[in-house]
Amino acid sequence: MQNGTVLAVDNLKLSTKLNQLNAHYNSLAALSKEMLKKYTSYVEDCLEYQQNYTAAEQWLIKANEQLVTCQKSVNDKYGIQAQLDILNKLVITQGQGQVLVQSAANWADKSMTNSSTEGRERVRQEMHSLHDSWDTFLSTLTETRSNLENSLLSWGEFNENLEQMQNWLKDAE
């Protein structure tokens, strides 16, 4: 009988230990799932930042290409007007670029909170570069627009002066 009692006690101890181990395992499994979700969210934030940063950067590249086209020297009023038309379309779409830059900045802030020191520094440098590029774009856009409008006014003045000169020459004949 004593062997049976010892066996029952051993089975009870074993059962208790198994229950404890099972509870510990379930706890660790639940914690692991939570951590996996958390870290997956961090990765998704970083990917979202990269996509938004790339979109803003690509938008700026295309916009700067158009801006360069508007800065080329042309020899007639119609060429200047065509450049001004391109520039005005660029001004209209400038809001899209602003949204992309701001979106990249928002995702950068979100992703930096959960990034390593090296990752934060890289994101900070990228965003600094993007903001600098954006500021340069805006100032170049404003300057180019002013130059084109002044050129168009000069053409108008030139045509007016030419017409006056032609009238004067007709009168002088």
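Let's start with the kink in helix α2: about 40 degrees, centred on Thr 93. The bend at a residue is the angle between axes fitted to the seven residues ending there and the seven starting there. Helices here are DSSP runs (H or I, at least four residues), numbered from the N terminus. Even with that kink, α2, residues 77-112, reaches 50 Å from first C-alpha to last over its 36 residues, close to the 52 Å expected. That expected span is 1.5 Å times one less than the number of residues.

A quick word on where this comes from. This is a predicted model, in which local features need pLDDT of at least 70 and side-chain atom pairs count only at pLDDT 80 or more, while totals for chains, interfaces and linings use all residues. Residues are numbered from 1 along each chain as its sequence is written, and side-chain values use heavy atoms, with hydrogens and water left out.

Now, the core. A nonpolar core is a set of buried Ala, Val, Leu, Ile, Met, Phe, Trp, Tyr and Cys residues joined through side-chain atoms within 4.5 Å. Buried means under 20% relative accessible area, exposed over 50%, and partly exposed in between, with a 1.4 Å probe and protein chains only. The largest core has 25 residues, and the members touching the most others are Leu 87, Leu 90, Met 127, Leu 130 and Phe 137. Two or more residues each come from α1 (2-71), α2 and α3 (117-172), and α2 gives the most, with nine.

So what does Met 127 contact, beyond its neighbours within four places in sequence? Taking contact as heavy atoms within 4.5 Å, the partners are Tyr 49, Tyr 53, Val 101, Ala 104, Ala 105 and Ala 108.

Next, my favourite corner: Gln 83, also in α2. Is Gln 83 buried or exposed? It counts as buried, at 6% relative accessibility. A polar atom of the Gln 83 side chain lies 2.6 Å from the backbone oxygen of Lys 72. Contacts of Gln 83 outside that same four-place window include Cys 70, Val 74 and Leu 148.

Cys 70 itself is buried at 2%, whereas Cys 46 is partly exposed at 32%. The structure holds zero disulfides (pairs of cysteine sulfur atoms within 2.5 Å).

Finally, Arg 145 sits in α3 and is partly exposed, at 31%. Its C-alpha is 8.7 Å from that of Cys 70, though the two are 75 residues apart along the chain. Again leaving aside neighbours within four places, Arg 145 contacts Leu 84, Leu 87, Asn 88 and Val 91.

Conventions
A polar contact is a pair of N or O atoms within 3.5 Å; within protein, one must be able to donate a hydrogen and the other to accept it, and residues adjacent in sequence count only if both atoms are side-chain atoms.
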